[in-house]
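Visitor: Please put the model on screen. I would like to go through its contacts and pockets with you.

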Amino acid sequence: IYWNCVIKKSVIERDEREQGERAILNFGHTFGHAIESAMEYRYKHGECVALGILGACYISEKLKFCDSSVTERIYNLLKRMKVLINIHDCDKAKVFRFLLHDKKATGGKINFILPVV
């Protein structure tokens with residue numbers, strides 16, 4: 001946790017006004033916030049962000065920004081950490097509606113932070 005805070009602090013200091021690099025701190029949050037809202041806050045923020053990280057990885061794979069080994073590595077890490085990695089009763093259409101209203105969406109476009117490898 002300490003090193004995560006040091007890294008986050010460093011990123012924020014380099015990009016205090018959110019002009020670029022700081023966006024990496026939102027990895028998983030676009031999907032995470034939508035899942036959180038769609039599930040009416042039944043899950044913790046961190047759990048929803050973990051699911052959002054996996055969602056971002058799947059998008060990245062589809063766009064050929066990374067291959068499945070990246071997603072698999074992150075999935076296995078989250079699984080080892082005993083973090084929520086799936087929700088069976090989640091309404092995907094409802095999640096999509098919340099995605100469209102994400103605070104960082106601009107001009108009807110949803111912005112995702114994706115792994116690129």
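Guide: At 51% relative accessibility, Arg14 counts as exposed. The cut-off for exposed is over 50%. Keep in mind that this is a predicted model.

Visitor: Which residue meets Arg14 in a salt bridge?
Guide: Side chains of opposite charge can pair when their charged atoms come close. Here the N to O distance is 2.5 Å. A salt bridge needs that distance within 4 Å. The partner of Arg14 is Glu21.

Visitor: Is Glu21 buried, partly exposed or exposed?
Guide: Buried means under 20% and exposed means over 50%. Glu21 has 33% relative accessibility, so the label is partly exposed.

Visitor: How many salt bridges does a search of the whole structure find?
Guide: The pair of Glu21 and Arg14 is a salt bridge. Glu40 and Lys94 form a salt bridge as well. The search of the whole structure gives a total of four.

Visitor: How many residues apart are Glu40 and Lys94?
Guide: The closest N and O atoms of Glu40 and Lys94 are 3.5 Å apart. Glu40 sits in the loop between H2 and helix H3 (45-62), and Lys94 sits in helix H5. The pair links distant parts of the chain, and the separation is 54 residues.

Visitor: Which of Glu40 and Lys94 counts as exposed?
Guide: Lys94 is at 23% relative accessibility and counts as partly exposed. At 56%, the exposed residue is Glu40.

Visitor: Which parts does the salt bridge of Arg42 and Asp89 tie together?
Guide: The side chains of Arg42 and Asp89 meet at 3.5 Å, N to O. The two residues are 47 apart in sequence. Arg42 lies in one loop and Asp89 in another, so the bridge ties together the loop between H2 and H3 and the loop between helix H4 (68-80) and H5.

Visitor: Now the rings. What is the geometry of the pair Tyr2 and Trp3?
Guide: The structure holds two aromatic pairs. In the pair of Tyr2 and Trp3, the centres are 5.2 Å apart and the planes meet at 75°. Planes over 60 degrees apart set the class. The pair is edge-to-face.

Visitor: How is the pair of Phe31 and Phe112 classed?
Guide: The ring centres of Phe31 and Phe112 are 5.0 Å apart. Stacked needs under 30 degrees and edge-to-face needs over 60. The planes are at 40°, so the pair is tilted.

Visitor: Is Phe31 buried or exposed?
Guide: Phe31 lies in helix H2 (residues 29-38). Its partner Phe112 is partly exposed at 25%. Phe31 has a relative accessible area of 17%, and the cut-off is under 20%. Phe31 is buried.

Visitor: On to the pockets. Which helix gives the most to the lining of the largest pocket?
Guide: The largest pocket holds about 950 Å³ of space. Its lining has 25 residues, with Asn4, Lys8, Leu25, Phe27 and His29 nearest the centre. Helix H1 (2-14), H3 and H4 each supply at least two of them. With six residues, the top contributor is H1.

Visitor: How many nonpolar residues line the second largest pocket?
Guide: The second largest pocket has a volume of about 410 Å³. Its lining counts 15 residues, and Phe31 is one of those nearest the centre. H2, H3 and H5 each give two or more residues. Beside three polar and one charged, the nonpolar count is eleven.

Note on methods
Residues are numbered from 1 along each chain as its sequence is written. This is a predicted model: local features need pLDDT of at least 70, side-chain atom pairs count only at pLDDT 80 or more; totals for chains, interfaces and linings use all residues. Side-chain values use heavy atoms; hydrogens and water are left out. Rings of Phe, Tyr and Trp (its six-membered ring) pair if their centres lie within 6.5 Å; planes under 30 degrees apart count as stacked, over 60 as edge-to-face and the rest as tilted. Helices (H or I, at least four residues) and strands (E, at least two) are DSSP runs, numbered from the N terminus. Buried means under 20% relative accessible area, exposed over 50%, partly exposed in between (1.4 Å probe, protein chains only). On a 1 Å grid over the protein atoms alone, a cavity is a set of points where a 1.4 Å probe fits but cannot get out, and a pocket is an open set with protein on both sides within 12 Å along at least five of seven lines; lining residues have an atom within 4 Å of a point. Grid points are joined across faces, edges and corners, and a volume is the space filled by probe spheres set on the points. Ala, Val, Leu, Ile, Met, Phe, Trp, Tyr, Cys and Pro count as nonpolar, Asp, Glu, Lys and Arg as charged, and the others, Gly among them, as polar.
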